[in-house]
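Here are a few notes to read alongside the model. Have a look at it first, then go through the points in order.

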Amino acid sequence: MVGTQRRLQHIQQEGSQCFSIPLAHFHSLSLAAGSLIMFISWATRLAHVPKVNMDFWKALFPVAVAHTIGHVAATVSMSKVAVSFTHIIKSGEPAFSVLVSRFLLGKSFPIPVYLSLVPIIGGCALAAVTELNFNMIGFMGAMISNLAFVFRNIFSKKGMKGMSVSGLNYYACLSILSLLILIPFAILVEGPKMWAVGWQTALSQIRPNFVWGVVAQSVFYHLCNQVSCMSLDQISPLTFSIGNTMKRISVIVSSILIFHTPIHPTNAVAAAIAILGTFLYSQVHSYFLYF
């Protein structure tokens, strides 16, 4: 999952900054590729066809809306700022989760959980202040992505409770529904004319690598999220959270090295604080959840 995520973010950075493809269209290609992969898997019996009803799709709809917003917002962020900065801000997702659960759902947490948010919030704030190429749209994109994913998780826990669908098929259905949600939006906001101009510009700039980049990004995007959902079926939430932290570190470090992203020493310290806070949060939250 770490390697897939790292490769995905590199391709997305190139695609959203170097290519001129409108972002909603760019993201719809990823969802379409994932949906096609799963249709082929079901048709060839490589994966079991899920037995779902209308209640399942109704419960999945708000999850798909939040999922779509979260990923499009993250792509917008990476088109404006460095991949490393986007992921530093996205490491603040646990803070959004706790605050939304506390103030909107009325759920309370032990004091240590709240304390574990201090380094996350502090690290993200320091990273934003010391970012050399700060862009408000990029920053807000990462923040909106955090909030959307928190609501995605909340909707998923509330609406999908008791529905027995494997992680593989769950994400497949989520991708299909997200694609159906995103296509009308992409047509309305961007439209075929803007898509055509974007493709022509990208082809003229990059030519042989362009199509490969789009295909690879789409496949890696699906695999990254699919493996993530499948992992939750096989490992504990604690192990998953540790792996997720390592993934975040891997993406930030590798993106800085590959893209030669200039980074201020204070910004590096801020990233370390935020990621450490995320790890501490996962440990504290799991401790009080299971003990």
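1. Let's begin with the second largest pocket of this predicted model. Its lining is made up of Ile89, Gly92, Ala95, Phe96, Leu99, Ile121, Cys124, Ala125, Ala128, Phe139 and Met143. The volume of this pocket comes out at about 160 Å³.

2. Which elements build that wall? Two or more lining residues come from each of helix H5 (93-103), helix H6 (111-130) and helix H7 (136-159). H6 has the largest share of the lining, with 4 residues. As for chemistry, the lining of the second largest pocket splits into 10 nonpolar residues, 1 polar and no charged.

3. Now the cores. The largest nonpolar core counts 15 residues, and Leu31, Leu60, Val63, Tyr170, Tyr171 and Leu174 are the ones with the most contacts inside it. Helix H3 (54-80), helix H8 (167-189) and helix H10 (208-234) each put at least two residues into this core, and H8 gives the most, with 7 residues.

4. There is also a second core, separate from that one, with 8 residues; Val81, Ile89, Cys124 and Ala142 are among them. Two of these names should ring a bell: Ile89 and Cys124 also line the second largest pocket.

5. How many cavities of 30 Å³ or more does the structure hold? Just 1. The largest cavity has a volume of about 40 Å³, and its lining consists of Ser84, Ile88, Glu131, Ile256, Thr261, Pro262, Ile263 and Asn267. That lining divides into 4 nonpolar, 3 polar and 1 charged, whereas the lining of the second largest pocket has no charged residue. Glu131 is the place to look if you want the charged one.

6. One backbone detail to check is Arg45, which sits in the loop between helix H2 (23-43) and H3. Arg45 is not a glycine, yet its phi is positive, at about 65°. Most residues other than glycine have a negative phi. Is Arg45 buried or exposed? Its relative accessibility is 66%, over the 50% cut-off, so Arg45 counts as exposed.

7. Last, confidence. The average pLDDT over the chain is 81, and 84% of the residues score at least 70. Residues 2-19 are another matter: the pLDDT there is below 50, although the stretch has 59 contacts in the model beyond near neighbours in sequence. Where pLDDT is low, the predicted coordinates should not be read in detail. I'd keep that in mind when looking at the contacts of residues 2-19.

How values were computed
Residues are numbered from 1 along each chain as its sequence is written. This is a predicted model: local features need pLDDT of at least 70, side-chain atom pairs count only at pLDDT 80 or more; totals for chains, interfaces and linings use all residues. Side-chain values use heavy atoms; hydrogens and water are left out. On a 1 Å grid over the protein atoms alone, a cavity is a set of points where a 1.4 Å probe fits but cannot get out, and a pocket is an open set with protein on both sides within 12 Å along at least five of seven lines; lining residues have an atom within 4 Å of a point. Grid points are joined across faces, edges and corners, and a volume is the space filled by probe spheres set on the points. Ala, Val, Leu, Ile, Met, Phe, Trp, Tyr, Cys and Pro count as nonpolar, Asp, Glu, Lys and Arg as charged, and the others, Gly among them, as polar. pLDDT is the predictor's confidence in each residue, from 0 to 100. Contact means heavy atoms within 4.5 Å. A nonpolar core is a set of buried Ala, Val, Leu, Ile, Met, Phe, Trp, Tyr and Cys residues joined through side-chain atoms within 4.5 Å. Buried means under 20% relative accessible area, exposed over 50%, partly exposed in between (1.4 Å probe, protein chains only).
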